[in-house]
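Please open the model in a viewer and keep the selection panel at hand. The tour proceeds from one selection to the next and states what is found at each.

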Amino acid sequence: MELTYREAVRRALMEEMERDERVFIMGEDVGAYGGSYAVTKGLLARFGPERVRDTPISEAAIAGAGIGAALGGLRPVVEIMSINFILPAADQLINGAAKIHYMFNGQFHVPLVVRTVNGGRRLAATHSQNLEVLFAFIPGLKVVTPASPADAYGLLKAAIRDPDPVLFVESALLYSMKGPVPDDPDFLVPLGQSLVRREGRDLTLVAHSRGVVVALEAAERLAAQGVEAEVVDLRTLRPLDMGPVLASVRKTGRVVIVGDDWQSYGVGAEIAARLAEEAFEALRGPVLRVGGAEVPMPYAANLERLALPQVDGVIRRAARLLEGDGAWLVR
Amino acid sequence: MGGGEGMAQANNPEPGRDGWTGWTPDPPPDLRDEPPERLLEYYRQMQVIRHFEERAAQAYTQGRIGGFLHLANGEEALAVGGLAALEPEDDLITHYRDHGVALARGSDPGRVMAELFGRADGVSGGRGGSMHLADAGRRFWGGHAIVGIHLPIAAGLALAHQYRKEPRVVLCIFGDGATNTGAFHEALNLAATWELPVIFLCQNNLYGMGTAIERAMRVTELHRRGAAYGIPSARINGMRLLEVRAAVASAARWAREGKGPVFLEALTYRYRGHSMADPELYRTKEELKAWRAWDPIQLFAQELLEAGVVTPEALRRADQEAEQVVEAAIAFAEQSPEPDPATLHHGVYRAPLAAALPAGGGNGVGAHLP
Ligand SMILES: Cc1ncc(C[n+]2csc(CCOP(=O)(O)OP(=O)(O)O)c2C)c(N)n1
Ligand SMILES: [Mg+2]
């Protein structure tokens with residue numbers, strides 16, 4: 001069936017709630033308001049206020065109560081309205097959820113899903129951040145960033161059924177994207193599996209979340225010029241599946257990592273390091289990155305455009321790698 | 001641990017008393033004791049804010065303003081009355097529903113509108129947008145868009161005044177929803193304990209986004225939350241301008257005298273949705289209508305006329321002036337240029353950096369900033 005990304009998330013939530021009565025939702029304005037991005041629209045009417053719970057504006061309490069409810073035998077899916085508002089909850093997630101299973105020697109675990117969303121436009125510095133990488137830094141958390149309706153659906157179901165705390169980061173800019181979704185309530189996309197979204201022999205583009213869309217668009221434009229780019233969607237940032245990335249780079253020898261966020265210490269930095277460690281001999285040029293300008297996001301339309309990574313930036317770097325063929329050889 | 005000097009800790013199990021006494025808000029003055037020009041000016045300011053936001057809403061639907069736009073129609077008496085009670089050297093800090101507050105503080109309407117348009121002449125240079133107005137020259141320390149984030153900052157501004165022994169106060173404005181954040185509770189406790197000169201002005205418009213207060217807290221008389229921290233607290237009618245002004249003025253006097261913070265809960269209502277994107281499924285038309293009867297501008301106009309301190313013509317003239325001010329603001333915003341692209345990396349840090357960051361990195365040029 002064909003669903004939007006938003007509908008795919010909603011459908012996964014509904015089906016998991018029907019399947020398992022321990023699953024419930026809580027978050028700010030998820031019920032009466034219908035969800036700030038309308039993802040949970042209709043769920044209150046369907047499941048009632050016990051299972052679709054509007055919370056106060058208390059991110060720390062929402063996340064912490066999620067942890068407690070998970071310890072207590074439930075399967076909470078909590079919503080943090082935007083990843084920009086998650087920082088009061090970061091303590092609960094980083095010092096709480098991430099530590100509990102290991103630190104208490106596996107005596108209990110935290111089957112918690114925290115759904116949130118990155119992206120957004122013209123919202124300025126406090127509301128435009130992609131902060132998932134902060135959480136990907138933390139052993140004990142799993143971080144999932146779907147970039148298609150099918151992945152949103154299958155990954156969310158897998159996250160809800162997973163015994164560990166999962167930060168599930170949707171993309172506001174993808175909510176209206178349409179795509180095929182398997183008509184199977186048990187369709188799961190396992191956490192920790194990267195996926196080749198497009199095959200190509202000349203160049204590898206690695207991306208996550210909305211960056212995948214930018215990479216696919218760049219690949220499309222490169223194809224028009226006879227360059228076949230392979231696009232690898234990381235899908236899960238932690239645990240990170242480097243398999244398809246390594247396989248692809250061993251084939252193409254060239255790689256551009258497409259980020260939708262700041263570069264320093266980011267996802268691209270991690271991928272580049274892993275490539276240097278594990279596929280150095282396959283590289284025919286430097287590992288290049290595309291990312292946002294390292295500034296708090298400005299509101300003005302022209303500055304925002306400049307600050308955001310663009311398809312053109314990917315093309316330019318690809319061209320650099322391809323033109324410089326041989327010249328980049330360091331061996 | 002033993003109790004030191006001045007500690008209220010009892011060394012016996014008798015339940016004692018703690019908390020506060022001694023402060024109540026001043027009642028509103030008699031209209032006839034106020035200079036009529038001043039009253040007319042308050043009215044005019046409220047109309048400027050009302051028109052300003054109506055025109056901003058229009059510009060938003062035309063795509064000339066982006067992102068989120070939070071309007072405060074219905075809350076004008078709080079902005080104008082509250083700010084009328086401050087001295088120029090006092091501080092102001094507020095949340096993202098900040099247009100009216102900025103205008104009432106005296107920020108230039110054209111520059112505020114230019115900020116909404118994302119233009120170079122905006123009060124934040126076009127970088128902040130509607131949610132992040134600021135005006136250093138007026139000691140307006142910003143609209144802050146993470147709920148609750150600015151309450152501890154307000155305490156810190158007040159700490160600076162206390163530390164430097166300056167008789168200044170901080171007016172900190174926030175919504176009912178913000179009182180459920182951890183930052184709110186931590187800030188109130190700190191301000192109370194250190195007797196910091198902050199006026200916490202809670203605009204209780206009964207909703208945090210689509211969540212009615214009674215669905216988010218048991219203590220819906222929010223002033224009791226202030227009292228819980230030992231802060232003199234009161235509930236006032238936020239639709240009555242002079243009541244607001246009198247309450248904030250008496251709170252400021254208290255804080256200025258070094259007696260510590262005051263908490264004011266002002267009852268009000270926003271006639272529009274939370275933001276322009278709000279489907280408003282959570283409230284009824286009847287409720288909205290009932291609150292329309294309390295429209296702070298109409299109410300004030302009616303009182304002025306009934307007291308015979310202004311004429312209907314004077315009000316009409318003020319209406320026209322307000323419209324002119326806002327039209328001029330729109331015109332100013334429209335002709336203001338976009339920010340210079342070369343400034344994208346300016347001001348990430350105040351100090352120039354010793355080493356340049358890699359491609360795309362901020363270079364720390366803060367020199368263009370005031
Ligand atoms: C920490 C945080 N959580 C959630 C949000 C999203 N949000 C923005 S405004 C708002 C409601 C705030 O309500 P209230 O404090 O009553 O102020 P009002 O909007 O009514 O003026 C919410 C939930 C946010 N900006 N920051
Ligand atoms: Mg409110």
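Select Asn205(B) together with ligand 1: an N or O atom in the side chain of Asn205(B) is 2.9 Å from an oxygen atom of the ligand. The pair qualifies as a polar contact, that is, N or O atoms within 3.5 Å, where within protein one atom must be able to donate a hydrogen and the other to accept it, and residues adjacent in sequence count only if both atoms are side-chain atoms. The model is a predicted one, in which local features need pLDDT of at least 70 and side-chain atom pairs count only at pLDDT 80 or more, whereas totals for chains, interfaces and linings use all residues. Residues are numbered from 1 along each chain as its sequence is written, chains are lettered from A and ligands numbered from 1 in the order in which they are written, and side-chain values use heavy atoms, with hydrogens and water left out.

Remain at ligand 1 and add Tyr96(B), whose side chain places an N or O atom 2.7 Å from an oxygen atom of the ligand. Ala178(B) approaches through its backbone instead, with an N or O atom 3.0 Å from a ligand oxygen. Next, display the whole surroundings: 21 residues lie around ligand 1 (a heavy atom within 4 Å). Those that come nearest are Glu59(A), Tyr96(B), Arg97(B), Gly177(B) and Asn205(B). Because residues from chains A and B surround ligand 1, the site is shared between chains.

**Between the chains**

Colour chains A and B separately and select the residues in contact (heavy atoms within 4.5 Å). The selection holds 42 residues of chain B and 31 residues of chain A. The buried area, meaning the accessible area (1.4 Å probe) that two parts lose on being put together, summed over both, is about 2,900 Å² here, with 64% from carbon and sulfur atoms. In chain B, the residues that lose the most area to chain A are Ile146(B), Met209(B) and Leu344(B), together 21% of what that side buries.

Which side chains form the salt bridge between Arg215(B) and its partner in chain A? Select Arg215(B) and Asp54(A): their side chains meet at 2.5 Å, N to O. A salt bridge here is a side-chain nitrogen of Lys or Arg within 4 Å of a carboxyl oxygen of Asp or Glu, and the count between the two chains is one. Eleven residue pairs are in polar contact across this interface (both at pLDDT 80 or more). On the chain B side, helix H4 (residues 109-117) gives the most, with three residues; helices (H or I, at least four residues) and strands (E, at least two) are DSSP runs, numbered from the N terminus.

**Between the domains of chain A**

Now hide chain B and colour domain 1 (2-180) and domain 2 (195-323) of chain A, whose bounds come from an automatic or database domain assignment. Their centres, taken over C-alpha atoms, are separated by 26 Å. At the boundary, 29 residues of domain 1 are in contact with 27 residues of domain 2. The two domains bury about 2,200 Å² between them, 54% of it on carbon and sulfur atoms. Of the area that domain 1 buries against domain 2, Arg121(A), Arg122(A) and Thr145(A) supply 27%, more than any other three residues.

Select Arg235(A) and Asp151(A), whose side chains meet in a salt bridge (2.9 Å, N to O). The rule finds one salt bridge across this domain interface, along with 13 residue pairs in polar contact (both at pLDDT 80 or more). On the domain 1 side, helix H5 (132-136), strand E6 (142-144) and helix H6 (149-161) each give two or more residues.

**Two backbone stops and a last pair**

Go to Pro239(A), in the loop between strand E12 (236-238) and helix H8 (243-252) of chain A. A cis peptide bond joins Arg238(A) to Pro239(A), with omega about -5°. Continue to Tyr265(A), in the loop between strand E13 (255-262) and helix H9 (267-278) of chain A. Tyr265(A) has a positive phi of about 65°, although it is not a glycine.

Finally, restore chain B and select Arg253(B) and Asp26(B), a salt bridge with its closest N and O atoms 2.4 Å apart. Arg253(B) lies in helix H8 (residues 241-256) of chain B and Asp26(B) in the segment before helix H1 (36-61) of chain B, so the pair ties together parts that are 227 residues apart in sequence.
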